Every structure is written in structure tokens, then in C-alpha cells.
Amino acid sequence: MSTQALREALGNPTLEPELLERALTHRSYAYENGGLPTNERLEFLGDSVLGVVVTETLYTTHPDLSEGRLAKLRAAVVNARALADVARGIDLGQHIKLGRGEETTGGREKASILSDTVEALIGAIHMSGGIEASSRVVHRLFDDMMVTAASMGAGLDWKTSLQELSATLGLGVPEYVIEDDGPDHMKSFVARVRVGDTLYGHGTGGSKKQAEQGAAETAYGELSKLHPELVFDRS
């Protein structure tokens with residue numbers, strides 16, 4: 001499959017063909033084809049390059065934010081789900097070389113595979129053109145996400161925001177109550193959260209974390225209405 005569309009989506013960076021091929025080679029494909037080099041070493045490099053560029057950008061763009069707030073912003077940008085969204089935005093999945101097992105189980109849409117491959121691509125670009133080339137690509141792919149994350153306030157991490165508000169109110173640590181339904185491969189989760197003596201929320205999702213975030217958002221909203229004087233941007 002031609003990679004020209006992928007190169008264009010990346011902004012046509014300097015990218016050696018053999019490094020691009022390696023960045024797109026998942027270990028499942030490598031193992032099924034005689035032990036080819038996989039993209040894992042490039043992924044390791046790309047993870048560090050991405051972290052440096054995003055961290056420096058947030059540091060310079062938001063000079064008034066605390067270390068804790070900057071850490072939250074960075075985590076919102078470089079987590080696996082965010083990277084997978086970036087991968088889908090450039091149709092990366094169709095270019096990844098997968099083994100038959102991963103191919104038949106929807107590997108092209110798996111967040112873990114997509115996010116790892118984004119990092120491997122960044123690593124390959126870095127090896128081909130250095131920090132200037134890799135930095136340009138990171139900005140092209142992640143700048144909008146950094147702006148969005150910075151505008152989310154408490155919504156950047158509802159669980160952490162709820163815990164901070166609960167502590168301020170002297171209500172202790174929130175406790176989550178989780179229920180699940182469905183077969184193992186298609187479970188859905190429902191979460192509620194106890195703050196003090198009150199049970200809040202009805203968060204739902206395909207993972208416990210997603211359901212807990214939904215319950216925390218509801219609880220944060222209810223407590224905010226009761227104590228509006230305590231709700232502010234904890235930068």
C-alpha cells in the first residue's frame with residue numbers, strides 16, 4: 001500500500017523509507033515473517049520525543065500554571081486514547097503491518113496499537129530529520145489537542161478535581177461503587193461515587209475508568225452547586 005497519503009498527512013517530513021517501514025511494522029507481523037525488526041525501539045524513542053516537545057510547548061505557552069496543572073495537561077495529550085485519536089485522524093490504521101491474528105481481531109482500531117505506532121512514527125521522523133523535523137510533526141498533530149486540553153478546567157480530570165473539592169470540604173476521599181454487565185469481551189460499567197455520606201452520579205462506559213469519570217463529573221457538579229464559593233481553577 002502506498003504511504004504517500006500518510007506522508008502528506010504528516011506534512012511531508014524527512015522520513016527515510018526503511019525507517020517508515022519499520023515504524024509501521026507491528027510485532028505480530030514481524031514474528032509471522034521470520035523475525036523482522038519491529039517498531040518497538042522507534043516507539044520507545046518517539047515516546048520521549050513527544051514528551052519533550054509537548055512539555056516544552058505547555059511550559060512556554062502557560063507560564064502561570066503550576067507543575068501539577070502542567071502535568072495534568074501533558075497527561076491529557078500524550079495518553080493512549082489521545083494518541084489513538086490522532087492516529088485515526090491521519091488514517092494510520094490502514095498502513096500498519098499486522099499479523100493475521102491481530103488483523104482478524106480488529107487490530108487496526110485498537111488504541112494500544114494505534115498509539116504505539118504514532119510514537120514509532122515520531123521516532124522514525126526524529127531519526128531521519130532530527131528534533132526540528134520531529135517537532136514540526138508533533139505540533140502539526142497535537143497543537144489543537146493541547147489547546148483543547150487547556151480549556152477544559154476541572155473537566156481535564158474529573159476524578160482528581162472531585163478529590164480536591166472533597167478534601168477542601170473535609171469530606172474525605174471519594175469511594176467508587178462499580179457494577180458491570182455483559183460478556184467479558186463487551187462489558188459495560190456503571191459507577192456511582194460516595195462523597196461523605198452521599199452517593200452521587202451514574203457514570204457509564206466501556207471501562208471502569210470511563211464510568212468513574214462520569215460519576216465524578218456528576219458529583220463535582222452537584223457539590224459545586226452547593227458550594228460555589230469553593231469552585232475555582234486550581235492552577
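Let me start with the largest cavity: α4, residues 40–61, and α8, residues 111–150, each supply at least two residues of its lining. Before I go on, note that this is a predicted model.

Of the helices, α8 gives the most to that lining, with three residues. The full set of lining residues is H26, R27, N39, E40, E43, I113, D116 and T117. What kinds of residue are these, by class? The lining of the largest cavity divides into four charged residues, three polar and one nonpolar. As for volume, the largest cavity holds about 40 Å³ of space. The count of cavities of 30 Å³ or more comes to one.

Now to the sheet. It is open, has three strands in the order β1-β2-β3, and its pairing is antiparallel. Which strands stand at the edges? They are β1, residues 175–181, and β3, residues 198–205; each has a single partner strand, so one side of each is left without a neighbour in the sheet. From one strand to the next, the twist averages 20°.

A general reminder: strands of a sheet pair through backbone hydrogen bonds, in either a parallel or an antiparallel way.

Let me take the β2 and β3 pair in more detail. Strand β2 covers residues 188–195, and six bridges join it to β3, the two running antiparallel. Two of the partners can be named. F189 has G205 in β3 as its bridge partner, and V195 has T198 in β3. The hairpin of β2 and β3 has two residues between the strands. In that hairpin, G196 takes a positive phi near 65°.

What lies across the sheet strands? Helix α10, residues 208–226, lies across β1, β2 and β3. Its direction is at about 140° to β3.

Back to V195 for a moment, since it also comes up with a residue from a helix. Q163 is found in helix α9, which covers residues 158–168. Along the chain, Q163 and V195 are 32 residues apart. Their C-alpha atoms are separated by 9.1 Å. Is Q163 buried or exposed? The answer falls in between: its relative accessibility is 43%, so Q163 counts as partly exposed, the cut-offs being under 20% for buried and over 50% for exposed.

To recap two items: the lining of the largest cavity takes three residues from α8, and the sheet has the strand order β1-β2-β3, with α10 lying across its strands. That is what I have.

Note on methods: Residues are numbered from 1 along each chain as its sequence is written. This is a predicted model: local features need pLDDT of at least 70, side-chain atom pairs count only at pLDDT 80 or more; totals for chains, interfaces and linings use all residues. Side-chain values use heavy atoms; hydrogens and water are left out. Two strands pair if DSSP finds at least two bridges between them. Helices (H or I, at least four residues) and strands (E, at least two) are DSSP runs, numbered from the N terminus. Axes are lines fitted to C-alpha atoms, for helices over the stretch in contact, and angles run from 0 to 180 degrees between N-to-C directions. Contact means heavy atoms within 4.5 Å. On a 1 Å grid over the protein atoms alone, a cavity is a set of points where a 1.4 Å probe fits but cannot get out, and a pocket is an open set with protein on both sides within 12 Å along at least five of seven lines; lining residues have an atom within 4 Å of a point. Grid points are joined across faces, edges and corners, and a volume is the space filled by probe spheres set on the points. Ala, Val, Leu, Ile, Met, Phe, Trp, Tyr, Cys and Pro count as nonpolar, Asp, Glu, Lys and Arg as charged, and the others, Gly among them, as polar. Buried means under 20% relative accessible area, exposed over 50%, partly exposed in between (1.4 Å probe, protein chains only).
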